[in-house]
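Subject: Structure handover

Hi,

Here is the structure I promised to pass on. Have a look at it first, and then read my notes underneath.

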Amino acid sequence: IFVIILSSAITLKSSSYLKNSMTFWDRVVSENKENSIYVISYYIDVLMNNNRIKQAFDYANHYAKESNYEHIELLYQIGKIYLLNEDYENASKYFDIVYSRNSKKQLELYLLSYLANVRANNKEKSNFYYNLALKATNLTPEEFEEQFVIYGRNFDKAIEETKLQTAAGN
């Protein structure tokens, strides 16, 4: 069963139509109440990619509560949504939980955690995630800073796009 779910997830990830077709995803979730956490997490990504941030947050929060906050995939999604909403303290809180429960090195988690903590003015935690990210990239501190500035600008663009689309009612 896991192989079938995995192959389905890979197929879904590679299909741009299915990534963006909200009707498809609404139907998948509504007809499969016992969804795999990965399908739910992917659906939350689809909602976010279609600027349905509030709905993405509601789904992530609902399923996180339902699972007693066991699934780090959902906690990670909640952290990203808080970051997009410029709630850096809560983003940092959720990323910290994900970091504490995750044994894998994940550069994106380190970068998002660093960004959240820099913007929340948490110097100790931002230094911690800076060092993790720097080590994971194998860049010099100067190269890392240069890349991180670009990363921060790109994230700021995503925040602004989210604000514009939300204001437009999309």
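Of the 170 residues in the chain, 42% are buried. Do bear in mind that this is a predicted model. The chain has 10 helices and 0 strands, so you will see the order α-α-α-α-α-α-α-α-α-α when you read from the N terminus, given how helices and strands are assigned. As for contacts between residues with a separation of 6 or more, 54% of them join residues 24 or more positions apart.

I spent most of my time on α7, which covers residues 88–101. This helix has 14 residues, and from its first C-alpha to its last it reaches 20 Å, close to the 20 Å expected at 1.5 Å a residue. Its buried residues are Tyr88, Ala91, Ser92, Tyr94, Phe95, Asp96 and Val98. If you want a rule of thumb for reading a list like that, an α-helix has 3.6 residues a turn, so residues three or four places apart point the same way.

What covers those buried residues of α7? The cover includes α6 (72–84), α8 (107–119), α9 (123–137) and α10 (141–167).

I then picked out one of these partners, α9. The axes of α7 and α9 come within 13 Å and cross at roughly 50°. An angle under 35 degrees would count as roughly parallel, and 65 to 115 as roughly perpendicular; α7 and α9 are therefore oblique to each other. The crossing in which α7 passes α9 is left-handed. On the α7 side, the contact is made by Ser92, Phe95, Asp96 and Tyr99, while α9 brings Lys125, Phe128, Tyr129 and Leu132. Sorted by class, that contact has 5 nonpolar, 1 polar and 2 charged residues.

Two single residues are also worth finding on your screen.

- Ser41 sits in helix α4 (residues 37–49). Is Ser41 buried or exposed? Its relative accessibility is 10%, and buried means under 20%, so Ser41 counts as buried. Leaving out residues up to four places away in sequence, Ser41 touches Glu73 and Gln77.
- Asn85 is in the loop between α6 and α7. With a relative accessible area of 44%, Asn85 is partly exposed. Asn85 and Ile53 are 32 residues apart along the chain, and their C-alpha atoms are separated by 8.8 Å.

That's it from me for now.

Cheers

Notes. Residues numbered from 1 in each chain as written. Predicted model: local features only at pLDDT ≥ 70, side-chain atom pairs only at ≥ 80, totals over all residues. Heavy atoms only, no water. Helix = DSSP H or I, 4+ residues; strand = E, 2+ residues; numbered from the N terminus. Expected span 1.5 Å × (residues − 1). Buried < 20%, exposed > 50% of the residue type's maximum accessible area, 1.4 Å probe, protein only. Contact = heavy atoms within 4.5 Å. Axes fitted to C-alpha atoms, helices over the stretch in contact; angles between N-to-C directions. Parallel < 35°, antiparallel > 145°, perpendicular 65-115°, else oblique. Left-handed = near helix turned anticlockwise from the far one by under 90°. Nonpolar A, V, L, I, M, F, W, Y, C, P; charged D, E, K, R; others polar.
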